[in-house]
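Hello,

Here is the structure I promised to pass on. Have a look at it first, and then read on for what turned up.

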Amino acid sequence: MKGLDLERLRTYLDSPPLSAAMFAGGRSNLTYAVTDGTNRWVLRRPPLGHVLPTAHDMAREHRVLAALSRAGFPVPRPLLLCADTDVIGAPFYLMEHVDGTIYRDAAELAKIDLRRLTLTLVDTLADLHALAPEEIGLGDFGRPEGFNARQVRRWKQQLDASRSRELSGIEELHARLAADIPAGGPGAVVHGDFRLDNVLIGPDLAVNAVLDWEMSTLGDPLSDLALMLVYAGRPLLVRDGTPVAPLDLSGHPGLDEMAARYAARSGRDVGDLHWYVGFAAFKLAVILEGVHYRFTRGQTVGAGFDTVGAMVPELIEQGHRALEGH
């Protein structure tokens, strides 16, 4: 299996013969379901082409999962961390297998109470931000002071590192964001990529586990909320073979209701999210441009990467509209 040498992994674990399957939908770190016929685990490793060292730091992701699981927040419990690149060709970690559904098909969402599920996700995000980093062992996991300014610089650097084509308006969007950066309030543990298809949902619509913590740090929690709102309007789902946004589905709450729900649950002021939504669109554009960059160089594994590049110009336009108050 590309990216995972099962025989070397079996030897390292001293286990019976292993089988594995890759999870669909990953755009950065690679994720595999692994079993020895009796036990099941999930393995995470960096992509085949490294472009963002912090996001591909397996020890960092393992650490945040361990802290959050001890705190009772719904995440998979990490089981093993391996820094030896000789085992499968990259550092990796194993975590427990958590049952649940990842919703990517609009037809499946039509069978459930989408409004209740979406508001539950908003509540889960607010609950994450309510955790005190120092009390759960993550007091040094990042630097909340100056977080927004560093994010603007970091994602511009990331854009420059993965640029393979002209992108009209993206330099101007970055300049507008850099010219008016909010100081931000008290820091919190931020997920960095919180959305519907990064969450395992149980049959009762409870959140069984929040996944994909590769971009987590300590920072401004409104960045998480804004990115969640941007994702709600993006074509993440499929309906009859056609991409569709969660926001366009029957029963999905509006963005204003989602923001108000977060404010009520968290006690945070969400009165002006324009800059945050503009930055969220810029950040997502850079992430997807990096995916497109790796796709053009044959460094991605899985299906669906050929359409990612077309989403980037739309996000650039959305970022400009957000800064203009739309």
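Is E314 buried, partly exposed or exposed? With a relative accessible area of 40%, E314 is partly exposed. Before going further, please keep in mind that this is a predicted model.

Salt bridges

E314 is a good place to begin, since its side chain pairs with R234 in a salt bridge whose closest N and O atoms are 2.7 Å apart. E314 belongs to helix α10 (residues 311-323), while R234 sits in the loop between α7 (221-232) and β10 (237-239), so this pair ties together parts that are 80 residues apart in sequence. R234 has a relative accessible area of 10% and is buried; the cut-off for that is under 20%.

The count of salt bridges comes to 23. One of them joins R265 to D123, with 3.6 Å between the closest N and O atoms. This pair links distant parts of the chain: R265 is in helix α8 (residues 255-266) and D123 in helix α4 (residues 114-130), 142 residues apart. R265 counts as partly exposed at 44% relative accessibility, and D123 counts as buried at 9%.

Another salt bridge is formed by K156 and E171, again with the closest N and O atoms 3.6 Å apart. Here K156 lies in helix α5 (residues 147-161) and E171 in helix α6 (residues 170-179), so parts that are 15 residues apart in sequence are tied together. K156 has 16% relative accessibility and therefore counts as buried, whereas E171, at 35%, counts as partly exposed.

There is also a network of salt bridges, which links R44, E61, D212 and E214.

Helix α5

K156 leads us to the helix that carries it. At 1.5 Å a residue, the 15 residues of α5 should span 21 Å, and the end C-alpha atoms are indeed 21 Å apart, so the two values agree. Which residues of α5 are buried? They are F147, N148, Q151, V152, W155, K156, Q158 and L159. These residues cover an arc of only 165° around the axis, so they are on the same side of α5. Among the elements that cover the buried residues of α5 are α6, β6 (188-190), β9 (217-219), α7 and α9. Helix α6 thus appears twice in this story: it holds E171, the salt-bridge partner of K156, and it helps to cover the buried residues of α5.

Strand β5

Strand β5 (residues 92-96) has four of its five residues buried, so the rest of the structure largely encloses it. It pairs with two strands that I would like to point out. Strand β3 (residues 40-45) is antiparallel to β5 and joined to it by four bridges. Strand β4 (residues 78-82) also pairs with β5 in the antiparallel sense, over four bridges. Have a look at M95 in β5: V42 stands opposite M95, and M95 is the bridge partner of P78 as well.

Nonpolar cores

In soluble globular proteins, nonpolar side chains tend to be buried together. The largest nonpolar core in this model has 78 residues, and L68, L121, W213 and L273 are those with the most contacts inside it. Helix α9 (residues 274-296) gives the largest share of this core, 13 residues. Which residues does L68 touch, leaving aside its neighbours within four places in sequence? L68 is in contact with F73, V75, L128, L131, I136 and W213. Another core lies apart from the largest one and has 13 residues, including L18, V34, W41 and C82.

Two residues with positive phi

Finally, a couple of backbone details. D14 is not a glycine, yet it has a positive phi of about 55°. D14 is in the loop between α1 (6-13) and β1 (19-22), and it is exposed, with a relative accessible area of 70%. D240 is not a glycine either and has a positive phi of about 55°. It is found in the loop between β10 and β11 (242-244). At 79% relative accessibility, D240 counts as exposed.

Best wishes

Conventions: Residues are numbered from 1 along each chain as its sequence is written. Side-chain values use heavy atoms; hydrogens and water are left out. A salt bridge is a side-chain nitrogen of Lys or Arg within 4 Å of a carboxyl oxygen of Asp or Glu. Buried means under 20% relative accessible area, exposed over 50%, partly exposed in between (1.4 Å probe, protein chains only). Two strands pair if DSSP finds at least two bridges between them. A nonpolar core is a set of buried Ala, Val, Leu, Ile, Met, Phe, Trp, Tyr and Cys residues joined through side-chain atoms within 4.5 Å. Contact means heavy atoms within 4.5 Å. The expected span of a helix is 1.5 Å times one less than its number of residues. The arc is that of the directions from the helix axis to the C-beta atoms.
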